[in-house]
Amino acid sequence: MTKQMNLRLDEDLIKEFEDLAKHENLDRSSLVKKILIKGLQQERLNLAVQKYVLKEISIEKAAEIAKLSLHEFISKLSQLGIPSNLSLEDFRKIISS
Amino acid sequence: MKKLVYDACSLIYLTKIQLKEKLPLLGTVIVSPSVKNELITDINSFSDAKTLKSNFDNKIINESKLKLKNIFSSEYLGRGEKETIEICIKSEGIPVTDDHQAINNALNFGLKPKTSEIILLDFLRNNIINYQEFKAFFKELALIKSLKSDIILFFKNKAKEIVNEKKKFQGEN
């Protein structure tokens, strides 16, 4: 099911959408939809990685926010060179527990 | 026999460095139902998921049969991580997790968690792998987890301590 959503955009931005849509042989609306879907996925991933790096959430929770399987999320972290969120202090605590 | 209850991220890392088959040498390998689901999702896209699925079939990894009641509700943890901690509380298990939030929750419950790096040290301590193998496995793990240099140095020193203790022990006998 689809719903209508109205957006007010700058004329220049609309022009950019129209130009790109022509190049991609798409209508303007399809292009905007495509970019929105991609942008939303990227934004979810950015938020998940940010919260994970700041140790606000666990790796599994981050994968859930990113709407990725844990295999995919671990692979993304590795590709982006994001280090494990465990610190030296964490390891010291574990070993002395 | 010790019960080691793994969460999904630790098992994925240990699968990537091809050490998972040796895990039963340290204790029974247990996972929660949600962790099992996470591990074998994406079976068509990730070879690790395929390997893990066959380990369930061969009983190298065992799914916990405990009835879980979601005893704590942390919004910062995933379901698998919460279940892992709950199983450990109920069955005196040792949680294995590579996550900051999960480790700290486990410590707050009085558990003694391990990480995949510590599992590697346990392999070395128990003569399951030798020092050269430790170095090779650890190098791979450090790469996959993008470990920071202070952590790499810490574990290299810990491994050397274990080797020296062993040499000292052999010298005494």
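A residue is counted as buried if 20 or more other C-beta atoms lie within 10 Å of its own. That criterion is needed at several stops of this tour, which is made through a predicted model.

**Helix 1 of chain A**

Select residues 11-23 of chain A, which form helix 1. Of the 13 residues in this helix, the number buried is 0, so helix 1 lies largely in the open. From its first C-alpha to its last, the helix reaches 19 Å, close to the 18 Å expected at 1.5 Å a residue. Next, move to Asn25(A), which follows helix 1 and has a positive phi, near 55°.

**Chain A as a whole**

Now display all of chain A as a cartoon. Its secondary structure comprises 5 helices and 0 strands, and from the N terminus on the order of elements is α-α-α-α-α. The radius of gyration of chain A is 20 Å, well over the 13 Å given by the globule rule for 97 residues, so the chain is more spread out than a compact globule. Along the principal axes, the C-alpha trace of chain A spans about 60 × 30 × 25 Å.

Colouring chain A by burial adds to this picture: buried residues make up 23% of its 97 residues. Among the contacts in chain A with a separation of 6 or more, 16% are accounted for by residues 24 or more positions apart.

**Pro83(A)**

Centre the view on Pro83(A), in the loop between helix 4 (70-80) and helix 5 (88-96) of chain A. Is this residue buried, exposed or partly exposed? Pro83(A) has 15 C-beta neighbours inside 10 Å and therefore counts as partly exposed.

To relate this loop to the opening stop, draw a distance from Pro83(A) to Glu18(A): the two are 65 residues apart in sequence and 40 Å apart in space, C-alpha to C-alpha.

Which residues is Pro83(A) in contact with, leaving aside its neighbours within four places in sequence? They are Lys145(B), Ser146(B), Leu147(B) and Lys148(B). These residues lead the tour to chain B.

**The side of chain B that touches chain A**

Show both chains together: 33 residues of chain B are in contact with 26 residues of chain A. On the chain B side, the elements giving two or more residues are helix 1 (8-16), helix 3 (47-57), helix 4 (79-91), helix 5 (100-108) and helix 8 (149-172) of chain B. Select helix 5 of chain B in particular, since helix 5 gives the most to this side, with 5 residues. Finally, colour the side of chain B that touches chain A by residue class: its residues divide into 16 nonpolar, 7 polar and 10 charged.

Terms used: Residues numbered from 1 in each chain as written. Chains lettered and ligands numbered in written order. Predicted model: local features only at pLDDT ≥ 70, side-chain atom pairs only at ≥ 80, totals over all residues. Helix = DSSP H or I, 4+ residues; strand = E, 2+ residues; numbered from the N terminus. Rg over C-alpha atoms; globule rule 2.2 N^0.38 Å. Buried ≥ 20, exposed ≤ 12 C-beta atoms within 10 Å, placed from the backbone. Contact = placed C-beta atoms within 7 Å. Expected span 1.5 Å × (residues − 1). Nonpolar A, V, L, I, M, F, W, Y, C, P; charged D, E, K, R; others polar.
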